Amino acid sequence: MNWREDLKEIRTELDNSNITDAAALEAFRIKFLGSKNIFKPVFEQMKQVPAEEKKEFGQKINELKNRAEEVFQLAASAHTVGKATEIPDLSLPATPGTIGSRHPISLVMDKIVGIFEKIGFQVAEEREIEDDWHNFTALNTPDDHPARDMQDTFYLQGRSDRVLRTHTSSVQARIMTTHAPPIRILAPGRVFRNETISARSHCQFHQVEGLYIDKGVSMADLKQTLLFFAREMFGPSVKIRLRPSYFPFTEPSAEMDIYWGLKDETDHRITKGTGWLEILGCGMVDPAVLKNCGLDPEVYSGFAFGMGIERQAMLLYKIPDIRYYFENDLRFLRQFKSA
Ligand code: DAH
């Protein structure tokens, strides 16, 4: 028995191995690293190896095993790298990219902005995290005012003076304190209220606010402006009505309804069976608000209005549930086209 000869033979085989493809790699693995590998029969000679050679025998066989492992790893990685760098077939047709569509809320907001831009309103965008003063106090709604209960407010954690704005009316205060009249702005944006989510209401939604301040602005200007808007938005034959209402920041105040009709089931549900739909609140800016924002109510007057977007989009696109807007389900979103 000559273990040295046996190991030398294995060494030669190892050095001569030529791993060119996956099959050769597998054959190598079975031969040198598998459960019946080439080292096993040699190892079984251990008992016959003289005691003083045992240590050397063990070392040599381990060296060879490690070498086999190394050769295998090297060949395996070369093999996969080779695969990854294969040049793709450039003549294949490309996978077409999917074109995005615009969110229905954006479509309706843009339409509203476009209508008011025609009559000289400019877009003013402002912050969603507001301070208490701009969201409430400046708008004639001090701390203890019962109207604060009209809107369930989200406060920032640990900050009783910072809120997620409950309406875009906060932009009125931002603009009136920083710009001189004439002011004619439109403020589209997202608002937040701590409301239970259902098919008809959500804790986040969108509004567009309008504000017009100048010398001699009257209620007649407000009505004419809103009628123009309704006709552009819903068609020339649309009917509107103004109902007296209450808001802390306007006096007098009104709510505007449009007559949408009762053509199908969605119309019935959305208009609660009346055919009329309330779409906005409005009124003449309360003199106290002008004063709070540093404008002289003896010199200036103005009107303001604020409308929700979600319900108008529900009408226009026959969307039965407000939650669809915020779920990002592509099957819903893909139905809306960009143009
Ligand atoms: N801010 C009111 C709301 O969120 C809507 C509104 C009513 C805005 C009357 C106005 C207004 O500018 O004059 O319910």
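Start by selecting five elements: the strands β6 (204-214), β8 (250-259), β9 (276-285) and β10 (301-308), together with the helix α11 (310-317). Each of them gives at least two residues to the lining of the largest pocket. Keep in mind as you look around that this is a predicted model.

**Stop 1: the largest pocket**

Colour β9 on its own for a moment. With 6 residues, β9 provides the largest share of this pocket's lining. The space enclosed here has a volume of about 780 Å³. To find the middle of it, select Arg-193, Phe-205, Gln-207, Glu-278 and Gly-308, which are the closest to the centre among the 40 lining residues. Now try colouring the lining by residue class: you should find 15 nonpolar, 16 polar and 9 charged residues.

**Stop 2: the ligand**

Where does the ligand sit? Show it as sticks and you will find it in the largest pocket, where you already are. Next, bring up its surroundings. The ligand has 16 residues around it, and the closest are His-167, Ser-169, Arg-193, Gln-207 and Glu-209. Arg-193 and Gln-207 may look familiar, as both were among the residues closest to the centre of the pocket.

Three of the strands you selected at the start come back here: β6, β9 and β10 each contribute at least two residues to the shell around the ligand. By class, that shell is made up of 5 nonpolar, 9 polar and 2 charged residues.

**Stop 3: polar contacts with the ligand**

Zoom in and check three distances:

- Arg-193: a polar atom of its side chain is 2.8 Å from an oxygen atom of the ligand.
- His-167: an N or O atom in its side chain is 3.0 Å from a nitrogen atom of the ligand.
- Gln-172: a polar atom of its side chain is 3.2 Å from an oxygen atom of the ligand.

How much of the ligand's accessible area does the protein cover? Switch to a surface view: on its own the ligand has 350 Å² of accessible area, and the protein covers 91% of it.

**Stop 4: the second largest pocket**

For the last stop, select the run Thr-98, Ile-99, Gly-100, Ser-101, Arg-102 and His-103, then add Leu-330, Leu-333, Arg-334 and Lys-337. Together these residues line the second largest pocket, which has a volume of about 200 Å³. Colour this lining by class as well, and it divides into 3 nonpolar, 4 polar and 3 charged residues.

Terms used: Residues are numbered from 1 along each chain as its sequence is written. This is a predicted model: local features need pLDDT of at least 70, side-chain atom pairs count only at pLDDT 80 or more; totals for chains, interfaces and linings use all residues. Side-chain values use heavy atoms; hydrogens and water are left out. On a 1 Å grid over the protein atoms alone, a cavity is a set of points where a 1.4 Å probe fits but cannot get out, and a pocket is an open set with protein on both sides within 12 Å along at least five of seven lines; lining residues have an atom within 4 Å of a point. Grid points are joined across faces, edges and corners, and a volume is the space filled by probe spheres set on the points. Helices (H or I, at least four residues) and strands (E, at least two) are DSSP runs, numbered from the N terminus. Ala, Val, Leu, Ile, Met, Phe, Trp, Tyr, Cys and Pro count as nonpolar, Asp, Glu, Lys and Arg as charged, and the others, Gly among them, as polar. A residue is near a molecule or strand if one of its heavy atoms lies within 4 Å of it. A polar contact is a pair of N or O atoms within 3.5 Å; within protein, one must be able to donate a hydrogen and the other to accept it, and residues adjacent in sequence count only if both atoms are side-chain atoms. Accessible areas come from the Shrake-Rupley method with a 1.4 Å probe; for residues, only the protein chains shown count as cover. A molecule sits in a cavity or pocket if more than half of its atoms lie within 2 Å of its grid points.
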